[in-house]
Amino acid sequence: MGILYNQVADQLHALIRDGVYREGERLPGVRALSRQFGVSVSTVLQAHQTLEARGYLEARERSGYFVHLPRRDTPEPVMQKHKARPMPVSARDMALDLCADEQKRMVPLAAAVPHPDFLPVRQIQQATLWAARRGLETLDYAFPGKIEYRRQLAQRMATLGVMATPDDIIATNGAQEAIILALKAVTRPGDIVVVESPSFPGILQALEVVGLRVIEVPTHPSEGLSLEGLELALEQWPVKACVVVPNHSNPMGARMSDERKQQLVRMMERAGVPLIEDDIYGDLFHSGERPRPAKVFDRTGNVIYCSSFSKTISPGLRLGWMMPGKYLAEARQQKYFSNLGTASIPQLAVARFLEQGGYDRYLRSVRPRFREVTERMRGAVGRSFPEGTAVSRPQGGFVLWVQLPGRTSGTEVYRRAREENINVAPGLMFSTTDKYENCLRLNGANPWSERIEQAVARLGAIATTIAAES
């Protein structure tokens with residue numbers, strides 16, 4: 001028997017090695033393989049266990065066995081410590097180029113936008129058609145947001161432990177507008193704001209729009225914003241606000257623990273400085289329970305909570321919201337001055353989708369997919385990129401932060417990859433300085449395919465060439 005199951009294991013290994021069964025694919029069921037190899041089910045199970053021990057298979061509860069290729073142990077990026085001081089913000093022009101090119105011919109590994117296959121397209125189409133038939137309900141300015149939409153959001157926040165009424169919520173055109181409104185509500189041009197480093201380019205762009213200076217505080221790839229660095233910044237500079245993404249930050253994918261979130265909220269309360277929380281990736285946790293927002297620990301209204309459905313339901317709806325806490329009056333005023341209101345039809349459509357339970361059903365189905373594609377992407381980077389490359393291990397969301405070895409230029413990788421129609425986000429986009437020149441961010445929210453796999457392999461080859469040249 002021992003010889004027989006080893007023979008089956010060796011044959012399956014050969015099929016995996018030859019690419020018949022590829023990384024992440026599910027093997028046929030044990031009964032099908034039993035008939036294929038002419039052996040008992042128990043023999044197939046022993047062969048599976050043998051390949052699992054060798055690192056070629058992964059057992060998933062109630063799903064079967066999946067191909068899991070061995071790879072070298074890829075470490076996490078190192079948190080870069082640096083002396084923080086206020087800097088003017090100038091958003092990189094390449095951010096606009098990346099967004100434009102993603103819609104064209106390139107392999108879309110740059111912008112943090114989910115592929116339509118990951119979105120509830122049919123359900124939102126149906127909800128939007130329903131909303132469009134609401135007649136007069138769709139024709140007003142709907143300031144500060146449709147009551148149906150704000151009521152559903154208040155209910156969702158209550159499930160997270162944040163008590164709110166619809167009147168506490170403002171509908172916005174995505175989380176980007178929510179952050180800009182929050183900044184305008186609590187700062188004036190020239191003020192200093194703390195952000196994570198590396199930081200989401202959209203946050204840096206928001207700071208530039210409002211005319212603010214920034215202090216970048218280092219971020220740990222798994223633990224999030226350095227509270228020690230934040231405390232030092234608060235002691236040394238007249239900080240007027242802090243913008244943070246506690247749950248699955250972009251680009252690191254870090255998730256702060258509840259203890260650290262509570263420490264963060266208390267620290268900002270004592271300093272009398274508003275905390276602007278961007279929770280756009282909170283619903284996209286990979287396993288376990290939904291991480292709580294920092295807003296849960298807010299007892300004084302000092303946390304301005306911002307989020308949107310751009311990474312889950314649809315980027316094109318441009319639908320978000322904010323809970324400004326004690327800054328509600330200022331935020332409402334800024335919203336009214338900016339554009340009077342957010343479009344009514346998307347609000348009514350999403351409210352219906354939420355009310356009917358479609359959003360939660362969708363999330364339950366899509367979370368494992370995001371986890372799978374980011375793990376596949378991480379594995380492909382580990383196999384293809386030069387020795388010494390470090391890759392983040394996100395617990396949610398769908399982006400990976402890649403730190404190249406030594407002085408390998410991420411910007412040069414970006415440039416050469418564009419010549420081959422592969423789009424990536426260079427590290428320069430995630431800071432006001434050049435300290436992430438040797439980094440890249442990859443978007444993992446694409447159905448895994450030969451095209452994506454080959455693109456990652458090609459990126460690795462380009463990075464290896466540049467590493468040898470530097």
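**Exercise 1. Decide whether F309 is buried or exposed, and describe its pairing with W321.**

Solution.
- Step 1. F309 has a relative accessible area of 2%, so it is buried. The cut-off for buried is under 20%. The model is predicted.
- Step 2. Turn to the rings. The structure holds 13 aromatic pairs. One of them joins Y305 and W321, with centres 6.5 Å apart and planes at 40 degrees, a tilted arrangement. Y305 belongs to strand 11 and W321 to strand 12; they are 16 residues apart, and the pair links distant parts of the chain.
- Step 3. F309 and W321 also form a tilted pair, 5.1 Å centre to centre with 40 degrees between the planes. F309 sits in the loop between strand 11 and strand 12, and W321 in strand 12, so this pair ties together parts 12 residues apart in sequence.
- Step 4. Check W321. Its relative accessibility is 7%, so W321 counts as buried. Y305 and W321 are both buried.
- Step 5. Widen the view. One aromatic cluster takes in Y149, Y305, F309, W321, F353, Y359 and Y362.

**Exercise 2. Compare the span of helix 6 with the expected value, then find what its buried residues pack against.**

Solution.
- Step 1. Helix 6 covers residues 147-159, which is 13 residues. At 1.5 Å a residue, 18 Å is expected.
- Step 2. From first C-alpha to last, helix 6 reaches 19 Å, close to that expectation.
- Step 3. List the buried residues of helix 6: Y149, R150, Q152, L153, A154 and M157.
- Step 4. These residues pack against strand 5 (170-172), strand 11 (303-308), strand 12 (320-323) and helix 12 (344-355).
- Step 5. Look past the helix end. G161 follows helix 6 and has a positive phi, near 95 degrees.

**Exercise 3. Explain why C306 is not bonded to C242.**

Solution.
- Step 1. Count the disulfides: the structure holds 0. C242 is in no disulfide, and its nearest cysteine sulfur, in C306, is 12 Å away.
- Step 2. Apply the cut-off of 2.5 Å between sulfur atoms. For C306 the closest cysteine sulfur is in C242 at 12 Å, too far for a bond.
- Step 3. Check exposure. C242 has 0% relative accessibility, so it counts as buried. C306 also has 0%, so it counts as buried.

**Exercise 4. Work through the salt bridges of K435, K261 and K295.**

Solution.
- Step 1. The whole structure contains 20 salt bridges.
- Step 2. K435 meets E216 at 2.8 Å, N to O. K435 is in the loop between strand 16 (425-426) and strand 17 (439-443), and E216 is in strand 7 (residues 213-220), so the pair ties together parts 219 residues apart in sequence. E216 is at 4% relative accessibility, so it counts as buried.
- Step 3. K261 meets D258 at 3.9 Å, N to O. The cut-off is 4 Å. Both residues lie in helix 10 (residues 258-271), 3 residues apart, about one turn. K261 is buried at 0%, whereas D258 is partly exposed at 31%.
- Step 4. K295 pairs with D298, the closest N and O atoms being 3.0 Å apart. K295 and D298 are both buried.
- Step 5. Salt bridges with shared partners join R22, R383 and E453 into one network.

**Exercise 5. Which residues lie over the rings of F66 and F118?**

Solution.
- Step 1. R60 lies over the face of F66, 4.1 Å from the ring centre.
- Step 2. R369 places its charged end over the ring of F118, 4.3 Å from the centre.

Conventions. Residues are numbered from 1 along each chain as its sequence is written. This is a predicted model: local features need pLDDT of at least 70, side-chain atom pairs count only at pLDDT 80 or more; totals for chains, interfaces and linings use all residues. Side-chain values use heavy atoms; hydrogens and water are left out. Buried means under 20% relative accessible area, exposed over 50%, partly exposed in between (1.4 Å probe, protein chains only). Helices (H or I, at least four residues) and strands (E, at least two) are DSSP runs, numbered from the N terminus. The expected span of a helix is 1.5 Å times one less than its number of residues. Contact means heavy atoms within 4.5 Å. Rings of Phe, Tyr and Trp (its six-membered ring) pair if their centres lie within 6.5 Å; planes under 30 degrees apart count as stacked, over 60 as edge-to-face and the rest as tilted. A charge sits over a ring if NZ of Lys or CZ of Arg is within 6 Å of the ring centre and within 35 degrees of the ring normal. A salt bridge is a side-chain nitrogen of Lys or Arg within 4 Å of a carboxyl oxygen of Asp or Glu.
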